[in-house]
Amino acid sequence: MNADGKSDGSVVPLNPTNKGETESSAESAEERLPANRNTVPSNLSRTPSRKRRRPSGLHGVRVAARKSRDLKFTALLHHTNEELLTAGFYQLRKTAAVGVDEMTWHEYEEDLENRIADLHGRIHRGGFRAKPSRRVYILKTDGRERPLGIASLEDKIVQHAVRTVLQCIYEEDFLGFSYGFRPGRSQHQALDALAYAIYEKRVNWVLDADVQGFFDEIDRDWLVKFLEHRIGDRRILRLIRKWLNAGIIEGTDWSDTGKGSPQGAVISPLLSNVFLHYVLDLWIHQWRTRHCKGQCIVTRYADDFVIGFETEADAHACLEALKHRLHEFGLTLHPQKTRLIEFGRASAARREREGRGRCETFDFLGFTHICGKTRKNKRFVLWRRTNAKRMSRTLAAIKEQLRRRRHDPVGKTGRWLASVIRGWLQYHAVPDNMRRLDQFVTEVPKLWLRQLQRRSQRGRAAWPWSRMQRLVRRYLPKPKILHPYPKDRFRARLAARAV
């Protein structure tokens with residue numbers, strides 16, 4: 001179906017006069033048809049209102065997707081016009097790593113108008129060919145390496161345009177507890193939703209789950225079948241298949257495992273959300289409605305999700321059912337990162353009564369979640385502290401960068417460090433995390449001081465701590481809480497959505 005609304009081409013007749021006179025002699029003599037007149041006064045307004053047209057363009061796609069969850073869109077590629085391709089190009093990072101084409105953002109911009117016109121033509125006549133992704137590796141928090149696939153520049157542009165079109169459909173389908181890689185949703189919103197649920201719902205058990213090697217294990221055949229529920233445009237599906245089957249180039253060797261979607265591609269986050277929407281989200285929503293005896297809450301960010309339960313029986317039953325469900329689609333839960341633990345207000349009180357100590361903790365989106373108590377009235381409180389391993393890794397990266405910048409001007413390094421600290425605080429400065437903030441902001445000047453002392457043969461004599469403190473006061477920001485309490489922000493967001 002074409003989601004664009006078009007006029008039906010009918011002509012709206014003019015309002016006839018309200019007079020009751022008969023045909024004039026002049027009209028009769030000129031042998032023309034008499035003027036149409038009403039003998040009964042009309043109840044229409046003197047200025048007839050215009051006919052409201054149906055929404056067009058991507059807005060029409062979004063409206064049509066919202067009205068019908070079973071609608072299949074058969075004409076979508078025409079939305080990837082030159083304007084959308086150009087907008088996608090300017091939203092790419094200018095300094096991003098290059099793919100196998102070795103084309104940089106600035107080189108492509110030199111003849112942008114002609115390049116976009118040529119790219120648009122190749123897309124719509126079926127001449128566009130997807131290039132393999134270039135394999136690179138980044139270090140993960142646990143010390144292992146995460147494989148990434150860097151797409152070529154034109155693949156990034158087209159993927160951005162196609163993603164924009166598909167988001168108009170799937171943003172109307174995705175469930176509310178899905179937060180990863182969606183417009184208008186962030187990691188802090190997922191953290192707020194989880195904290196609010198732990199406070200307000202009867203959560204006594206928590207399943208902290210992670211899908212092992214998710215992006216590399218996606219079943220492509222199932223993914224295409226899921227897409228076909230909503231996408232009937234064969235040209236869009238053909239483009240997606242080209243990207244999935246383009247393969248990976250590592251060094252000079254090309255390879256393709258026949259499964260997975262390159263992690264790092266522009267369109268991969270959307271495809272992963274579509275896959276998990278059908279495999280996990282719809283299933284868990286149905287399972288907790290039909291089989292759960294107590295309350296059950298879910299928060300998912302990409303392939304990392306947390307499920308909270310009121311009863312232990314529901315928790316174990318869901319874990320077993322979840323393993324079978326993922327196995328049907330070629331996925332498995334990570335054995336080390338998936339844990340079922342006692343957690344929550346009632347669990348903390350029960351463990352204290354039984355003398356079993358505090359509840360275990362779990363990590364989600366860079367924060368360790370801890371069951372705690374307030375100092376004054378000893379009430380339950382959820383503490384969220386920056387993950388210690390992640391902070392250590394960040395400090396190690398800063399130390400390496402300071403070593404490379406050892407001989408840069410002090411002011412230049414100070415401004416760079418200030419931007420790094422502000423960015424880190426912008427994410428981690430949540431309530432009850434002040435201890436971690438102080439540790440981070442205290443450790444960074446020490447790392448900087450060591451590199452400054454190595455610039456001179458005088459060492460510590462050239463850069464005493466008193467001199468370093470002046471640099472800290474001049475350049476580095478002080479730690480402070482920047483985020484409101486999760487309950488307040490979550491309720492405000494719900495209220496704003498209801499308006």
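Contact, as the word is used in these exercises, means heavy atoms within 4.5 Å. The structure examined is a predicted model.

**Exercise 1. Determine how helices α7 and α18 are oriented to each other, and state which residues bring them together.**

Solution.
Step 1. Locate the helices: α7 covers residues 187–200 and α18 covers residues 486–498.
Step 2. Take the geometry of the pair. The two helices pack at an angle of about 105°, and their axes are 8 Å apart.
Step 3. Classify the angle. Angles of 65 to 115 degrees count as roughly perpendicular, so α7 is roughly perpendicular to α18.
Step 4. List the residues that meet. On the side of α7 they are H188, Q189, D192, A193, A195, Y196, Y199 and E200. On the side of α18 they are P486, K487, R489, F490, R491 and R493.
Step 5. Sort the contact by class: 6 nonpolar, 2 polar and 6 charged residues take part.

**Exercise 2. Carry out the corresponding analysis for helices α2 and α6.**

Solution.
Step 1. Helix α2 spans residues 57–67, and helix α6 spans residues 153–170.
Step 2. Their axes come within 7 Å and cross at roughly 30°.
Step 3. Angles under 35 degrees count as roughly parallel; α2 is therefore roughly parallel to α6.
Step 4. From α2, the contact involves L58, V61, R62 and A65; from α6, it involves T164, V165, C168 and I169.
Step 5. By class, this contact has 6 nonpolar, 1 polar and 1 charged residues.

**Exercise 3. Describe the two open sheets, giving strand order, edges and pairing.**

Solution.
Step 1. One open sheet has 4 strands in the order β2-β1-β4-β5, with mixed pairing. Its edge strands are β2 and β5 (253–255), each of which pairs on one side only.
Step 2. Neighbouring strands of the β2-β1-β4-β5 sheet are turned by 40° against each other on average, direction ignored.
Step 3. Within that sheet, β1 pairs with β4 (residues 248–250) in the parallel sense over 2 bridges. R134 stands opposite I249 in β4.
Step 4. Another open sheet of 4 strands has the order β6-β7-β3-β8 and antiparallel pairing. The edges are β6 (296–301) and β8 (339–342).
Step 5. In the β6-β7-β3-β8 sheet, neighbouring strands are turned by 15° against each other on average, direction ignored.
Step 6. Strands β6 and β7 (residues 304–309) run antiparallel and are joined by 6 bridges. C296 stands opposite F309 in β7.
Step 7. Add the helices. α11 lies across β6 and β7, running at about 175° to β6. Helix α12 (residues 312–328) packs on the sheet and touches β3, β7 and β8; its direction makes about 145° with that of β7.

**Exercise 4. Characterise the largest pocket by volume, lining and residue class.**

Solution.
Step 1. The space in the largest pocket amounts to about 1600 Å³.
Step 2. Its lining consists of 46 residues; K140, R146, D210, K337 and R390 lie nearest the centre.
Step 3. Among the elements that give two or more residues to this lining are β1 (133–139), β3 (205–210), α11 (268–290) and α14 (388–404). The most is given by β2, with 5 residues.
Step 4. By class, the lining residues divide into 17 nonpolar, 13 polar and 16 charged.

**Exercise 5. Establish how many cavities of 30 Å³ or more are present, and describe the largest and the second largest.**

Solution.
Step 1. The count comes to 2 cavities of 30 Å³ or more.
Step 2. The largest cavity has a volume of about 70 Å³. Of the 14 residues that line it, S133, Q159, W243, P262 and A265 are the closest to its centre.
Step 3. The elements that give two or more residues to the lining of the largest cavity are α6, α10 (234–244) and α11. This lining has 8 nonpolar, 4 polar and 2 charged residues.
Step 4. The second largest cavity holds about 50 Å³ of space. Residues lining it include L402, R405, D408, W448 and R455.
Step 5. Both α15 and α16 (434–453) supply at least two residues of that lining, and the largest share, 3 residues, comes from α16.
Step 6. The lining of the second largest cavity divides into 5 nonpolar, 2 polar and 4 charged residues.

Definitions and conventions: Residues numbered from 1 in each chain as written. Predicted model: local features only at pLDDT ≥ 70, side-chain atom pairs only at ≥ 80, totals over all residues. Heavy atoms only, no water. 1 Å grid on protein atoms, 1.4 Å probe; cavity = no way out; pocket = protein on both sides within 12 Å on 5 of 7 lines; lining within 4 Å. Points joined across faces, edges and corners; volume = space filled by probe spheres on them. Nonpolar A, V, L, I, M, F, W, Y, C, P; charged D, E, K, R; others polar. Axes fitted to C-alpha atoms, helices over the stretch in contact; angles between N-to-C directions. Parallel < 35°, antiparallel > 145°, perpendicular 65-115°, else oblique. Pairing = 2+ DSSP bridges.
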